[in-house]
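This report covers one helix and its ends, then a set of charged side-chain pairs. Please keep the sequence and the model at hand while reading.

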Amino acid sequence: MCRTSVGTRLYISVLSVFVVFAVAFIIFQHAREREYKINTLNTRLQDYNERMMESLRYLDDRSDKALDGYVANHYIHGLRVTLIDRSGKVVYDNVYKNYKKMGNHLSRREVREALKDGSGYDFSRVSSTLNQDYFYSATYVPQCSLIVRSALPYDNSLAKTLRADQHYLWFSLVAMLVLVFILYRFVSRLGDNITKLRLFASRADHNESLDTEDLVDFPGDELGEIAERIIKIYKRLQKTKEEQNILKRQLTQNIAHELKTPVASIQGYLETILENPNINEATKEQFLQRCYAQSQRLTSLLHDISTLNRLDDAPEMVDFDVVDVSQMVSNIVNDTALQLSERKMTFSNMLPDGIKVKGNQSLLYSVFRNLTDNAIAYAGEGTTITLSAVNDNDCWRFTFSDNGVGVPHEHLARIFERFYRVDKGRSRKMGGTGLGLAIVKNAVLLHGGTIKVSNNLTGGLRFDFTLRK
């Protein structure tokens with residue numbers, strides 16, 4: 001079934017509202033114009049009545065002849081003048097002189113309004129006496145107890161006078177045509193955008209290519225810009241998703257590769273022990289020790305993978321509390337004292353007392369412990385590890401460095417990547433999981449900080465990072 005487009009429905013709806021408004025405006029303006037002209041004519045006749053009232057006050061002779069003379073001297077074409085007393089009896093009429101045949105005029109609208117409000121009018125009423133349409137305007141003269149009523153015949157001349165000006169009709173029509181054209185252009189652009197967005201949504205839903213000509217050019221307005229940006233954002237998200245999928249595949253392959261080595265070693269040692277029941281105790285003890293070492297490495301690897309997954313998938317689930325970094329680092333120095341001694345290394349802890357930040361105890365411990373373990377493993381014998389911090393408004397700036405061998409410049413950009421090893425053989429021999437520095441970076445970012453790595457000018461590796469207070 002063919003559905004009417006959103007643009008068409010919007011166009012019809014807005015156009016309908018505008019047409020209704022335009023018609024209502026024309027009717028209102030027509031009525032207002034007509035009312036204005038009627039009031040203008042009534043004011044003109046009321047002015048005539050008031051001038052005649054003023055003359056009646058000074059006229060000693062109110063005979064038909066004298067009144068006819070006044071009307072003749074103040075001539076208005078087709079004017080009919082009637083004097084009516086308070087009882088409704090006609091006492092003078094310049095057109096019809098048989099007053100006895102003229103009925104009582106108290107029921108006339110203009111007469112009732114004049115007695116009540118001082119003046120009144122009636123529009124286009126047929127005279128029962130002359131059987132002709134008249135426009136009546138009456139004024140009450142309390143001093144004379146008379147009602148002066150003037151009337152003009154409702155002929156073609158008067159109808160033309162009262163006819164509303166048609167210029168505003170033409171103006172309204174032209175304005176409506178202009179607005180209809182503007183509305184059509186606007187809705188047409190909107191319809192184009194909606195059509196392209198619908199095409200984009202359909203192709204995205206069916207995983208079809210979006211790199212086609214009909215999704216390139218959009219109208220050069222805000223709506224077109226929004227539609228264009230939506231498509232660009234979607235393409236960027238798709239690209240990011242593809243990159244994430246590639247990274248996940250690489251990560252899965254790396255995890256499988258890293259797990260394979262300790263598992264294969266454990267399996268090999270155990271198979272040797274099982275297949276050789278008469279193996280001497282010293283050799284068996286040696287194989288079991290190696291199995292235990294590989295299981296420890298496997299445990300460390302799984303723990304690091306779990307930590308990274310927690311940072312990636314549910315960072316909002318990490319609990320934050322006040323952490324005493326100074327005390328934590330002191331504990332790490334004590335815990336690694338034996339390892340440092342074995343490699344003739346020195347840990348120069350230059351942190352001031354009482355450094356406290358809001359963070360996760362376990363993750364912050366991983367940051368400083370992994371950096372320490374990394375330096376112990378790779379800096380070299382007889383080197384010195386230095387840790388310092390500077391208070392910088394809302395954060396602490398830490399510098400963790402050593403004066404060891406450093407890292408070749410080409411490897412620095414990738415040193416935080418998961419399972420990336422500068423020297424793969426040596427790294428595995430040292431027992432590293434290849435995830436320590438990845439955990440360091442993600443943990444620092446989770447705490448609202450930044451981290452960068454560089455080589456010291458005098459040799460060795462240097463990490464500069466921040467932690468919010």
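The basis of the values comes first, then the helix, then the salt bridges.

## Basis of the values

The model is predicted: local features need pLDDT of at least 70, side-chain atom pairs count only at pLDDT 80 or more, and totals for chains, interfaces and linings use all residues. Residues are numbered from 1 along each chain as its sequence is written, and side-chain values use heavy atoms, with hydrogens and water left out.

## Helix 10 and its ends

Helix 10 spans residues 361–378, 18 residues in total. Helices here are DSSP runs of H or I with at least four residues, strands are runs of E with at least two, and both are numbered from the N terminus. From first C-alpha to last, helix 10 reaches 26 Å, close to the expected 26 Å; the expected span is 1.5 Å times one less than the number of residues. Of the 18 residues in helix 10, 13 are buried, so the helix is largely enclosed by the rest of the structure. Buried means under 20% relative accessible area, exposed means over 50%, and partly exposed lies in between (1.4 Å probe, protein chains only).

At the N-terminal end, Asn 360 acts as the cap of helix 10, with a side-chain oxygen 3.1 Å from the backbone nitrogen of Ser 362. Just after helix 10, Gly 380 has a positive phi of about 110 degrees.

## Salt bridge between Lys 97 and Asp 64

The structure contains 12 salt bridges, each being a side-chain nitrogen of Lys or Arg within 4 Å of a carboxyl oxygen of Asp or Glu. One of them pairs Lys 97 with Asp 64, at 3.8 Å from N to O. Lys 97 sits in the loop between strand 2 (90–93) and helix 3 (109–117), and Asp 64 belongs to helix 2 (residues 64–73), so this pair ties together parts 33 residues apart in sequence. Both side chains belong to partly exposed residues: Lys 97 has 36% relative accessibility, and Asp 64 has 26%.

## Further salt bridges

Asp 392 and Arg 397 form another salt bridge, with the closest N and O atoms 2.6 Å apart. Asp 392 is partly exposed at 24%, as is Arg 397 at 42%.

In the salt bridge between Glu 417 and Arg 414, the closest N and O atoms are 3.1 Å apart. Glu 417 is partly exposed, with a relative accessible area of 36%, and Arg 414 is partly exposed at 39%. Elsewhere, Asp 64, Asp 68 and Lys 97 are joined into one network by salt bridges that share partners.

Terms used. A polar contact is a pair of N or O atoms within 3.5 Å; within protein, one must be able to donate a hydrogen and the other to accept it, and residues adjacent in sequence count only if both atoms are side-chain atoms.
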